[in-house]
Amino acid sequence: MDNLEVKFYDAVNDELLKFAVIISQSNGKWVFCKHKERDTYEVPGGHREADENILETAKRELQEETGAVEFEIKPICVYSVIGKTRVNNTGEETFGLLCFAEITEFAKELHSEIEKVVLMDELPENWTYPLIQPKLIEKYLQMKKIL
């Protein structure tokens, strides 16, 4: 997993978008998920299901992984990853939609593979995808100044 390249695009053909990642905040804190099988933290996200609108994917994954009940979500940009990862064993370029969500209310319980949701003032040091997700947050912070 050493040679990963992350690229950003304004837009690509919708059918290329295979997953959605949602950078989230609640009350000014970053929202991160901790998977039951890992000791690392990740931004909510996941794969698009057949016949699903990519923004619907983002909303569904956000709800499943964080328990978000009330939130505002908006697309930021498209990104791609080139190189072999946990979810891509061919190493060819895969595309995802990067979104931002402001979560105002969480459900009491999670019903997913996520063990817990953590609200942080600072970004974590132990990332599940250290070569990808910090770059996505950096991009969001750059875009936020423009948007």
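**Entry 1: Thr 57**

I began with Thr 57, which sits in helix α1, residues 54-66. The model is predicted, and I read every value below with that in mind. I asked whether Thr 57 is buried or exposed. Its relative accessible area is 0%, so Thr 57 is buried, the cut-off being under 20%. I then listed what Thr 57 touches, leaving out residues up to four places away in sequence. The list is Ala 20, Gly 46, His 47, Arg 48, Glu 49 and Glu 52.

**Entry 2: Ser 24**

Next I looked up Ser 24, which lies in strand β2. Ser 24 has 1% relative accessibility and therefore counts as buried. Which residues does Ser 24 touch, not counting those up to four places away in sequence? I found Lys 29, Trp 30, Val 31, Pro 44, Leu 62, Phe 100, Ala 101 and Ile 103. I also took one distance, from Ser 24 to Phe 71. The two are 47 residues apart in sequence, and their C-alpha atoms are 9.5 Å apart in space.

**Entry 3: two loop residues with positive phi**

I turned to backbone angles. Most residues other than glycine have a negative phi. Asn 27 has a positive phi, near 50°, and is not a glycine. I placed Asn 27 in the loop between β2 and β3, the latter being residues 29-35. Its relative accessibility is 73%, so Asn 27 counts as exposed, for which the cut-off is over 50%.

Asp 51 is another non-glycine residue with a positive phi, here near 60°. I found Asp 51 in the loop between β5 and α1. With a relative accessible area of 86%, Asp 51 is exposed.

**Entry 4: the largest pocket**

I looked for open space next. Rolling a probe the size of a water molecule over the atoms shows where empty space is left. The largest pocket came out at a volume of about 390 Å³. Which residues of its lining are closest to the centre? Of the 23 lining residues, they are Gly 45, Gly 46, His 47, Val 87 and Tyr 129. I noted the elements that give two or more residues to this lining: β2 (17-26), β5 (45-47), β6 (68-82) and α2 (133-146). By residue class, I have the lining as eleven nonpolar, seven polar and five charged.

Two names came up again when I went back to Entry 1. Gly 46 and His 47 are among the residues that Thr 57 touches, and both are also listed among those closest to the pocket centre.

**Entry 5: the whole chain**

I left the chain as a whole for last. I noted two helices and eight strands. What order do the elements take from the N terminus on? They run β-β-β-β-β-α-β-β-β-α. The radius of gyration is 14 Å, close to the 15 Å that the globule rule gives for 147 residues, so the chain is as compact as a globular protein of that length. Along its principal axes, the C-alpha trace spans about 40 × 35 × 30 Å.

I checked burial and contacts across the chain. Of the 147 residues, 48% count as buried. Among contacts with a separation of 6 or more, 74% come from residues 24 or more positions apart. The Ser 24 and Phe 71 pair from Entry 2 is separated by 47 residues. For the surface, I recorded about 8300 Å² exposed by the chain, with carbon and sulfur atoms supplying 46% of it.

Methods
Residues numbered from 1 in each chain as written. Predicted model: local features only at pLDDT ≥ 70, side-chain atom pairs only at ≥ 80, totals over all residues. Heavy atoms only, no water. 1 Å grid on protein atoms, 1.4 Å probe; cavity = no way out; pocket = protein on both sides within 12 Å on 5 of 7 lines; lining within 4 Å. Points joined across faces, edges and corners; volume = space filled by probe spheres on them. Helix = DSSP H or I, 4+ residues; strand = E, 2+ residues; numbered from the N terminus. Nonpolar A, V, L, I, M, F, W, Y, C, P; charged D, E, K, R; others polar. Rg over C-alpha atoms; globule rule 2.2 N^0.38 Å. Buried < 20%, exposed > 50% of the residue type's maximum accessible area, 1.4 Å probe, protein only. Contact = heavy atoms within 4.5 Å. Areas by Shrake-Rupley, 256 points an atom, 1.4 Å probe, with all protein chains shown as cover.
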